[in-house]
Amino acid sequence: MSTFDRITNNLRDTADYLADGWQELWSKARNAITRFTPAQHEDHPLATTASRWGVLSAELRETGDSLEIMLEAPGMESQDFQISVQNQSLHIIGRKHLHQDRKEGHYYITERAYGQFERIIPLPCQVDSEAAGASYKRGVLELTLPKQKSAQLRRITVE
Amino acid sequence: MNQTYNALTELHRELGRVFDNRYGSAREPAAYETSNWAPQVDITETPENFRVLVDLPGVKPGEVEVTLHNDVLTIKGARDHEKEVEQENYKRRERIRGSFFRQFSLPESTDSDAIKAKTTNGVLEITIPKSAKPVPLTITVAGE
């Protein structure tokens, strides 16, 4: 193999490696990375220095008659969420507050994001949003959305 | 020509290292590389103590281990190992299960006996008081 061939091969391997790595990262993290808009006029050292991107991982599971959605959003209270269903997609708006009692001191590492965020999760079927249930526990928001009658799994008994 | 080839090999190796080692830091201990995910943290220092906030959504208090040894703070644990069931019903799956690990070296001596940790809404809060400042020792050099 000539040196030129080796260089060509090496370049191609490098490009493939980059593409694979990026693809993997992209497919895993793309949807979970969420933009945070900091609250205006916030008098807190973190208001300007905190990360503007948070990782809010979601999960959607389909059962026979409902959809179960989980969203990781640590450090919030249940009243900080505003949840709605529009056009067969779930909209979650949240507001993560800066704690005023944590103003003092020098920040060494600030990786956690604060402010307002919005996540839109497409739903695989029509849901009955009136009968939806939600809870917030250990930093995870859990929603149960019953499917509309027409979308429910119907079992037909053969006589 | 050989130099170009070597440079390319090096680049290839370097890219491999960055992508294999998900967090790309060569200075972290081996446990970091074998963990599945790394939680985000905020670290603050006040005159009296260090405060560390760690995002650990879905982690039960018994699933996390906090240790302080020689001013090195280690946070590790695992979550949801038992929940790996019914794979086929998932339409979307972004959460990472399994082990997590973070380690920090604190810049000042701390009082490891007085460390406090609690979890609220998926956030672990660790408060580490600083130990009393050692009095500077003056050594007089004796003449001949």
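**Strand pairing in chain A and the interface with chain B**

In the predicted model, S84(A) stands opposite H91(A), the latter lying in β6(A). This pairing belongs to the ladder between strand β5 of chain A, which spans residues 81–86, and β6(A), the two strands running antiparallel and being joined by six bridges. The connection between β5(A) and β6(A) is a hairpin with two residues between the strands, and in its turn N87(A) adopts a positive phi of about 45°.

H91(A) also has a bridge partner in β8(A), namely I120(A). Here β6(A) is joined by eight bridges to strand β8 of chain A, residues 115–122, and the sense is again antiparallel. Strand β6 of chain A, covering residues 89–96, is largely enclosed by the rest of the structure, because six of its eight residues are buried, where buried denotes a relative accessible area under 20%.

Strand pairing also extends across the two chains: strand β3 of chain A, residues 58–62, and β5(B) pair in the antiparallel sense over three bridges. Within this pairing, L60(A) has R92(B) of β5(B) as its bridge partner.

The contact between the chains involves 48 residues of chain B and 49 residues of chain A. The area buried between chain B and chain A amounts to about 4,400 Å², with carbon and sulfur atoms giving 55% of this value. On the side of chain B, the residues that lose the most area to chain A are R92(B), E94(B) and N121(B), which together account for 17% of what that side buries. R92(B) is thus both the bridge partner of L60(A) and one of the residues of chain B that lose the most area to chain A.

Polar interactions between the chains comprise 16 residue pairs in polar contact, counted where both residues have pLDDT 80 or more, and the count of salt bridges between chain B and chain A is five. In one salt bridge between the chains, the side chains of D55(B) and R112(A) meet at 2.7 Å, N to O. The elements of chain B that give two or more residues to the side touching chain A are α1 (2–20), β1 (41–45), β2 (49–55), β5 (90–93), β6 (98–105) and β8 (123–129). Of these, α1(B) gives the most, with 11 residues. By residue class, the side of chain B that touches chain A divides into 19 nonpolar, 12 polar and 17 charged residues.

Methods. Residues numbered from 1 in each chain as written. Chains lettered and ligands numbered in written order. Predicted model: local features only at pLDDT ≥ 70, side-chain atom pairs only at ≥ 80, totals over all residues. Heavy atoms only, no water. Contact = heavy atoms within 4.5 Å. Buried area = accessible area lost by both parts, 1.4 Å probe. Salt bridge = Lys/Arg side-chain N within 4 Å of Asp/Glu carboxyl O. Polar contact = N/O pair within 3.5 Å; in protein donor to acceptor, adjacent residues only side chain to side chain. Helix = DSSP H or I, 4+ residues; strand = E, 2+ residues; numbered from the N terminus. Nonpolar A, V, L, I, M, F, W, Y, C, P; charged D, E, K, R; others polar. Pairing = 2+ DSSP bridges. Buried < 20%, exposed > 50% of the residue type's maximum accessible area, 1.4 Å probe, protein only.
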